[in-house]
Structures are given as structure tokens and as C-alpha cells.
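Q: Please pick out one part of this structure and look at it closely. Then work outward from there and describe what can be said about the surroundings.

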Amino acid sequence: MIDQSPEPPIVNIVGERVALGPFSKDLLPLFTRWINDFGSQLRVGFPMPGPVTAEFEEGWYDSVSTGADRNTFVIRERETMTAIGSTALHGVDMRHRTAAFGIMIGDPNARGKGYGTEAATLMLDYGFTVLGLHSINLTVAGFNLAGQTAYQRAGFRECGRLRERIQFAGRRWDQILMDCLAHEFESPILARTVKPD
Ligand SMILES: CC(C)(COP(=O)(O)OP(=O)(O)OC[C@H]1O[C@@H](n2cnc3c(N)ncnc32)[C@H](O)[C@@H]1OP(=O)(O)O)[C@@H](O)C(=O)NCCC(=O)NCCS
């Protein structure tokens, strides 16, 4: 008898708690739901938080799935392979070998379980070990303590601040700049893949 069970999701990088893989269009309704949470929009730095339509998300999907800068991964909980968010390296510059890291654990129930820390670690591994980047940076709002903790544990360190740059919850917050250099990072996984025979 032919086994008609659905194919397992495709993944590129498998960690201990999360796996990273390509986007697929069937995930768009879920991501549209998540990105309509203003809390997430404000944390990922939407310039003008507001409703996000399915059509807008489709445009975003088209750009990350077929554009030149295809470095956006779906984050999956490793045990169940359920999609919980996305992460990306933006603006990869192969002359200077730099990129900017971004992440959103969209499923609120999946936050605070170490998934963001590991996803950030795997993205540093991808950027340094596979793409051969030298420097990966990010910005995080001063009020985003979960983000700061996760990024620091992954290997980023603070390298500057734009003071009182962000308005949130009735007060001004610094925008924290963090970066990680290739020689500061030890590949936890991909060095095993990227090695000569
Ligand atoms: C920021 C984000 C990626 C972090 O991922 P995560 O899976 O939640 O983070 P982790 O569980 O790996 O680590 C977060 C740590 O911060 C801690 N933390 C969470 N909220 C905190 C708070 N209010 N104060 C202090 N520490 C906090 C957690 O307890 C955890 O530390 P622990 O493991 O020692 O307990 C995720 O929460 C997220 O996507 N949030 C919404 C969108 C967003 O902020 N994107 C990033 C924009 S820069």
C-alpha cells in the first residue's frame, strides 16, 4: 500500500530545539495572523504599525521567496516541526561581507523557551560558516529584554546605542546596536557540513 502521509517539512539547519527551513505559501495565513499583533510590529520596528493584509504578506512572500536576497527562514520547533516564526539576514553585502539579523517568534506560546536564542545562533552559523560573512549586526529596542538576552546568549554583543531613539509605552528608549564578528563565533553545527572531503 502507498504511504500517503504528508511529506515532512523541508529544513536546512537542524539545531537542538529549532530547525530552520524555507518558507512555503501555505504558511502565509499563519504569518499574516502573527504580524497583525501590534506588539510584534512595534518590536520588529514597523515604521507605521497597522493592519497587514493578506495581499501585503503575499508581496512580502514573493520578495523573500524569489528575490535575490533569499535569506529568510521559517523557524520550526524541532520536536513537532510546527512553524513558530521567521528569521532573516537582511542586506547581505558580499563586498564587505556584512548583513543585518532579524527575527520574529510569531507564536506567543513559543516565546521564552530558548527558541529565539537558538535561532539567532543558527543564523550566525549560517552567515559566518555558509555565506562567509565577517560581521552581522542587529538593532533591538531598549524595552525588548527578551531580545537583548537572547541575542547576547547567541553571541552578539552591544556595540553602541542611539539614545532615546524609540517611543514606546509613553517614554523614550534607546535603540541598542549589537554585532558579532566571525572570529568571535564558533560554529556549533554547520562546520560539520562546510568541510572538504
Ligand atoms: C525577541 C525574541 C526573538 C526572543 O526569542 P525567545 O524565544 O522569546 O527568547 P529566549 O527564550 O531564547 O530568551 C529570552 C530570554 O529573555 C528572558 N526574558 C523574557 N522576557 C523578559 C523580561 N521582560 N525581562 C527580562 N528577561 C526576559 C527570558 O526569560 C529568556 O531568558 P531565560 O531563558 O534565561 O529565562 C522573541 O521573543 C520574539 O520574537 N518576540 C516578538 C518580536 C520581536 O521582539 N522580535 C525581535 C525584534 S529585535
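A: Start with Glu164, which lies in strand S7 (residues 157-168). The model is predicted. The phi angle of Glu164 is near 50 degrees, a positive value in a residue that is not glycine. Is the residue buried or exposed? Glu164 counts as exposed because its relative accessible area is 53%, and the cut-off for that class is over 50%.

A second case sits in the loop between S7 and S8, where Ala169 is found. Ala169 too has phi near 50 degrees, again positive in a residue other than glycine. The relative accessible area of Ala169 is 67%, so this residue is exposed. A positive phi also appears just after helix H5: Gly155 follows H5 and has phi near 135 degrees.

H5 itself covers residues 145-154. Its buried residues are Gly147, Gln148, Ala150, Tyr151 and Ala154. They pack against four elements, namely strand S5 (98-105), helix H4 (115-130), strand S6 (135-141) and strand S8 (171-181). Thr149 is also a residue of H5, but at 40% relative accessibility Thr149 counts as partly exposed. A polar atom in the side chain of Thr149 is 2.8 Å from the backbone oxygen of Leu145. Between Thr149 and His183 there are 34 places along the chain and 21 Å from C-alpha to C-alpha.

The opposite situation, a long stretch of sequence with a short distance in space, can be looked for in H4. Val130 belongs to this helix. The C-alpha atoms of Val130 and Leu190 are 7.4 Å apart, although 60 residues separate the two in sequence. Leaving aside residues up to four places away in sequence, Val130 touches Asp125, Leu190 and Val194. Val130 is partly exposed, at 43% relative accessibility.

Next comes the ligand. Surrounding it are 21 residues, and the closest are Ile105, Gly114, Gly116, Thr117 and Arg153. Three polar contacts can be described in detail. An N or O atom in the side chain of Thr117 is 2.6 Å from a ligand oxygen. Another side-chain case is Asn144, with a polar atom 2.9 Å from an oxygen of the ligand. The backbone takes part at Ile103, where a polar atom is 3.0 Å from a nitrogen of the ligand.

The cysteines can be dealt with briefly. How many disulfides does the structure hold? The number is zero. The cysteine sulfur closest to that of Cys159 belongs to Cys180, and at 11 Å it is too far for a bond; a disulfide would need the two sulfur atoms within 2.5 Å. The relation holds in the other direction as well, since the sulfur of Cys180 has its closest cysteine sulfur in Cys159, 11 Å away. In accessibility, Cys159 is partly exposed at 46%, while Cys180 is buried with a relative accessible area of 0%.

Two further helices show how buried residues can be placed around an axis. As background, an α-helix has 3.6 residues a turn, so residues three or four places apart point the same way. In H3 (residues 54-66), which residues are buried? They are Glu57, Tyr61 and Val64. These cover an arc of only 75 degrees around the axis, which puts them on the same side of H3. The face turned away from this buried side carries the exposed residues Glu55, Phe56 and Thr66. H3 has 13 residues and spans 18 Å from its first C-alpha to its last, close to the 18 Å expected at 1.5 Å a residue. Its buried residues are covered by elements that include helix H1 (28-35) and strand S3 (72-77).

H1 leads to the final group. Its buried residues include Leu28, Phe31, Thr32, Trp34 and Ile35. Here the arc is 165 degrees around the axis, which still puts them on the same side of H1. Pro29 and Arg33 are exposed on the other side of that helix. Among what covers the buried residues of H1 are helix H2 (38-44), H3, strand S4 (83-93) and S5. S5 therefore appears twice in this account, here beside H1 and earlier among the elements against which the buried residues of H5 pack.

Definitions and conventions:
Residues are numbered from 1 along each chain as its sequence is written. This is a predicted model: local features need pLDDT of at least 70, side-chain atom pairs count only at pLDDT 80 or more; totals for chains, interfaces and linings use all residues. Side-chain values use heavy atoms; hydrogens and water are left out. Helices (H or I, at least four residues) and strands (E, at least two) are DSSP runs, numbered from the N terminus. The expected span of a helix is 1.5 Å times one less than its number of residues. Buried means under 20% relative accessible area, exposed over 50%, partly exposed in between (1.4 Å probe, protein chains only). The arc is that of the directions from the helix axis to the C-beta atoms. Contact means heavy atoms within 4.5 Å. A residue is near a molecule or strand if one of its heavy atoms lies within 4 Å of it. A polar contact is a pair of N or O atoms within 3.5 Å; within protein, one must be able to donate a hydrogen and the other to accept it, and residues adjacent in sequence count only if both atoms are side-chain atoms.
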